Amino acid sequence: MQLTEEQKFIGRRNFLKAVATLPPLAGFAYTATNAGPVKAAIIGTGMEGRVLITNSTPKYMYLIGSYDIRPDNMKLGLDAIKQSGHSPNPKAYESYDQMLEDTEVEAILIASPLKYHGPMAIRALEAGKHVFTEKTMAFEVEECAKAVQIAREKNLNLQVGHQRFYNPLYWDAYRMFAEGLLGNVYHIRGLWHRNTDWNYWIHVNPDLKQELLAMDPTKYGYKDIQQLVNWRWYSPVSRGMWTELASHQLAITNWFFGDEAPIAVQASGGKCKSQLDQDMLPDYTSIGDEAKRAEHRGYTVDDRDVDDHIYAIYEYSNKRTVTYSAIQSNRFDNYYEQIMGTRATIILSNENETYLFWESGWDETKSKKAGQETKVEIAKEDAAGAAFQAHNTGGAATGGGGSASFSPYDPYRWELEGFAHTIRTGAPNLCDGVRGTLAALACIRGQEALASGQKVKIERPAGI
């Protein structure tokens, strides 16, 4: 999807005019409570964990400590906590057990490799801690369902890190969809296309590399140091593109289709990004012979067993279909969701650009006016609060016609503020364990369909 500048202008203008037809939203801003900020600790301080740290607002979510089995990540995580205005002397936990036993900790943020999301969330909830776990919610659907059950029984906040639920442009698009401005929607197209190195050795801090190489990863369940660093590409630890990328966008299609799960999926794909492709990347053109390139990459044998190209067709009820692709060999389309209705199409691109294109004969004056008969649960949104915080903060962006002035990282901040707000006030969060479970379910069944070469039926778990 490549739009001309003229098309972008038209799409932004259309989006702005359509937003003006929606019911007004009450303003909302977080206020400090007498209880003060939520005191939290984070497990997993790699790249994603440090994104959470640096985008957590200390007056709402105050980080007091961290733990990571990697010594380099542990040091970088502690430094990030201090530099981001959290505890000046963060606790360096020696184990997850020690973190859970700390009575000062009210909430746990989980940013570990996928395999451990579910067990860590369950243990934290059993210990009476509120939980924010990065997506995808868990490696197995059964783990998701168990975490939801425990959170309900103990009245704890369980939130999953699908930050699009805290993005104001996605809320505007959802409200247009729910109010009928798009007409009937039978098809959504989602994709995430990249042409980058799957090898995460290039992200290791050179000054901390030797300490990393000296550790023994086998006592933590990893085959070797390669599997630890590049865990995203090994099936004992990860589900690859399904859970690293697809889960974000499938969470949105589930949401737009009424918090439903798809009913069936068929898929294809494979491991296509070769070592030769890696050598052709610009990052490596200045490096000399093959031995030096291999040293720079951190691997000599490509033993990944997770697919880096996936294509799927999801069937939903009422003859609705979602097509999805994630590839590692071409970045032309980048990433977006395209919601295609009988009256209009919305394109959500890069998480901070939104375009609306009307079908012939339609515009905001002829399409259903939201103010006439609202379908969006305004009261529920108001209770959640976080949606309005995002709208308040991003209002200028929406008013600018659908091209946001905020960074794609800002919704990380809003979701963590929403997490703290829910803990302090009891308001619902916007991506709870149910929504997290449905996204995980779609991803896991998609991977099963690819592995089997057969269409897989999808059943929603009991209690979800």
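**Exercise 1.** In this predicted model, classify glutamate 140 as buried, partly exposed or exposed.

*Solution.* Start with the value: glutamate 140 has a relative accessible area of 30%. Buried means under 20%, and exposed means over 50%. Glutamate 140 is therefore partly exposed.

**Exercise 2.** Find the salt-bridge partner of glutamate 140 and say what the pair links.

*Solution.* The partner is arginine 239; the two side chains meet at 3.5 Å, N to O. Now place each residue. Glutamate 140 sits in the loop between β5 (130-134) and α6 (141-154). Arginine 239 sits in the loop between α9 (225-229) and α10 (241-256). The two are 99 residues apart, so the pair links distant parts of the chain. Check burial last: arginine 239 counts as buried, at 9% relative accessibility.

**Exercise 3.** Explain why the bridge between arginine 424 and glutamate 106 ties together separate parts of the sequence.

*Solution.* First the contact: their side chains meet in a salt bridge of 3.0 Å, N to O. Arginine 424 belongs to helix α15 (residues 410-425), while glutamate 106 lies in the loop between α4 (96-101) and β4 (107-110), so the tied parts are 318 residues apart in sequence. Arginine 424 is partly exposed at 25% relative accessibility. Glutamate 106 is partly exposed, also at 25%.

**Exercise 4.** Describe the spacing of arginine 175 and aspartate 172 along their helix.

*Solution.* Their side chains form a salt bridge (3.4 Å, N to O). Both residues lie in helix α7 (residues 168-178). They are three residues apart, so about one helical turn separates them. Both are buried.

Notes
Residues numbered from 1 in each chain as written. Predicted model: local features only at pLDDT ≥ 70, side-chain atom pairs only at ≥ 80, totals over all residues. Heavy atoms only, no water. Salt bridge = Lys/Arg side-chain N within 4 Å of Asp/Glu carboxyl O. Helix = DSSP H or I, 4+ residues; strand = E, 2+ residues; numbered from the N terminus. Buried < 20%, exposed > 50% of the residue type's maximum accessible area, 1.4 Å probe, protein only.
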